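Me: Please take a close look at a single part of this model. Set it in its surroundings, and keep the reasoning visible.

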Amino acid sequence: MEIDLSPKLPKKLYGSDGGSYLAWSPSDLPMLSKGNIAASKLSLEKNGFSLPSYSDSPKIAYVLQGSGTAGIALHQADKEKVIAIQKGDTIAIPFGVVTWWHNKEDIELVVLFLGETSKAHKSGEFTDFFLTGSNGIFAGFSSEFVARAWDLDQDKVQALVKSQTGSGIVKLRQNAKMPNPIKEDRNGLVLNCEEAPLDINIKNGGRVVVLNPRNLPLVGEVGLGADLVKLDGNAMCSPGFSCDSAYQVTYVVRGSGRAQVVGVDGQRVLETTVKAGCLFIVPRFFVVSKIAGGEGMEWFSIITTPDPVFTNLAGSNSVWKALSPQVLEASFDVSPEIEQLFRSKRSAGTTFFPPPN
């Protein structure tokens, strides 16, 4: 299988003094279109405002840096949810849901979007439809249609359509009034991965928070699972694969490390160093393993199923433990002594292995 799996950085698509929008392109990362996956980042400076829009793809948003406010108008809702967001927050966004994003703080607000594009206009890319601005829905209709649809005079139509000359991202005036977040609006919409209970916690190994329909209900609607993994310095993540035909899309949040991926016919299809800011994708059923650098490594991943099932090939819960000794001896063509030694190792560890002494 000849395919480029090397990690890639995003490229800027548009922006203003209010911020920028970056995305990974299928031309640079072919697995995006092959796996019907898209990835992008929104960066907002102080007073930056991402105009209301909806997307043709379901997404999971993860706040990488900073804090701010987001508005979410769910399907058929008569009022938007206005939520305060901060580093570590995760939000599941079904396709067609209108959202906006605002940063009033000095620190840049950075939000990662990972999603699935099987129903999108372009495989491997998000297409966003803005409601306002020079490239907004209003700008596309004639003044007659706008006047008829919203029962407005022509002068008011011109004000609505022409006043906002920016597109996508704008910078608001310092004294611009925006809705205040409502604490209760976060319920069921947001899970903070930095504060959530750990699903896996291995001393000197690593920690995992898994997102699923039970702790973030909208994950089920968007059809994606996600996790935040923190691997300690020089620790190893067990070789494993998704056994439910899912792709794994990984964004390195912090640190660096080495990754190897093995695919069809036992071919090592990737051996590389992964660094913060990079994105890479593991094809279905391919086996991946990572070893963190000295400073550790943190990554956020989506899996293209809401309840992923992984099979580990090392550790106390590995598939090797389930196979009988005779099968292992015959498969490896080794003596019973070698088989017993192999089976006796990693009898306690699961998923993460601390560095050797």
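Reply: Start with the term for helix. A helix here is a DSSP run of H or I with at least four residues, and helices are numbered from the N terminus. The model is predicted. Helix α2, which contains Ile137, covers residues 137–140. That run fits the definition, which asks for at least four residues.

The overall frame comes next. The chain has eight helices and 23 strands. Its C-alpha trace spans about 90 × 35 × 35 Å along the principal axes. Of its 357 residues, 47% count as buried.

Now the part for the close look: strand β9. Which residues does β9 cover? The strand runs over 98–103. How many of its residues are buried? Six of the six are, so β9 is largely enclosed by the rest of the structure. The cut-off behind that is under 20% relative accessible area.

Which residues lie on each face? Val98, Trp100 and His102 are on one side. Thr99, Trp101 and Asn103 are on the other. Both faces are covered. In general, side chains of a regular strand alternate between the two faces of the sheet.

Which strands pair with β9? One is β4, residues 48–55. Four bridges join β4 to β9, and the two run antiparallel. Phe49 stands opposite His102 there. Another is β6, residues 67–73, which pairs with β9 in the antiparallel sense over five bridges. In that pairing, Ile72 has Thr99 as its bridge partner. His102 and Thr99 sit on opposite sides of β9 in the face listing. As a general point, strands of a sheet pair through backbone hydrogen bonds, either parallel or antiparallel.

Follow the chain past the end of β9. The side chain of Asp106 meets that of Lys46 in a salt bridge, at 3.0 Å from N to O. What does this pair tie together? Asp106 lies in the loop between β9 and β10 (109–116), while Lys46 lies in the loop between β3 (37–44) and β4, so the contact ties together parts that are 60 residues apart in sequence. Asp106 is exposed at 64% relative accessible area. Lys46 is partly exposed at 28%. Buried strand, exposed loop residue: β9 has six of six residues buried, whereas Asp106 is exposed.

The salt bridge is one of 13 found in the whole structure. Side chains of opposite charge can pair when their charged atoms come close. Another one joins Lys87 and Glu194 at 3.1 Å, N to O. This pair links distant parts of the chain, 107 residues apart. Lys87 is in the loop between β7 (81–86) and β8 (89–93), and Glu194 is in the loop between β13 (190–192) and β14 (200–202). Lys87 is partly exposed at 39%. Glu194 is also partly exposed, at 32%.

A third example puts both partners in strands. Glu298 and Arg254 meet in a salt bridge at 3.3 Å, N to O. Glu298 is in β21 (residues 287–303) and Arg254 in β18 (residues 248–262), 44 residues apart. Is Glu298 buried or exposed? Glu298 is buried, at 4% relative accessibility. Arg254 is partly exposed, at 37%. Shared partners also join Lys87, Glu194 and Lys230 into one salt-bridge network.

Strand β10, on the far side of the Asp106 loop from β9, belongs to an open sheet. That sheet has seven strands in the order β1-β2-β3-β10-β5-β8-β13, with antiparallel pairing. Its edge strands are β1 (11–16) and β13, each pairing on one side only. The twist averages 20 degrees from one strand to the next. Within the sheet, β5 (residues 59–65) and β8 pair antiparallel over four bridges. Ala61 stands opposite Ile91 in β8.

What about disulfides? The structure holds zero. Cys193 is in none, and its nearest cysteine sulfur, that of Cys237, is 16 Å away. The cut-off is 2.5 Å between sulfur atoms, so a 16 Å separation rules that pair out. Cys193 is buried at 4%. Cys278 is in no disulfide either; the sulfur of Cys237, the nearest, is 18 Å away. Cys278 is buried at 12%.

Last, back to helix α2. Ile137, Phe141 and Phe145 make a nonpolar surface patch of about 290 Å². Ile137 is partly exposed at 32%.

Methods: Residues are numbered from 1 along each chain as its sequence is written. This is a predicted model: local features need pLDDT of at least 70, side-chain atom pairs count only at pLDDT 80 or more; totals for chains, interfaces and linings use all residues. Side-chain values use heavy atoms; hydrogens and water are left out. A salt bridge is a side-chain nitrogen of Lys or Arg within 4 Å of a carboxyl oxygen of Asp or Glu. Buried means under 20% relative accessible area, exposed over 50%, partly exposed in between (1.4 Å probe, protein chains only). Two strands pair if DSSP finds at least two bridges between them. Axes are lines fitted to C-alpha atoms, for helices over the stretch in contact, and angles run from 0 to 180 degrees between N-to-C directions. Patches are made of residues with over 30% relative accessible area and no salt bridge: like charges are joined within 9 Å, nonpolar side chains (Val, Leu, Ile, Met, Phe, Trp, Tyr) within 5 Å. Accessible areas come from the Shrake-Rupley method with a 1.4 Å probe; for residues, only the protein chains shown count as cover.
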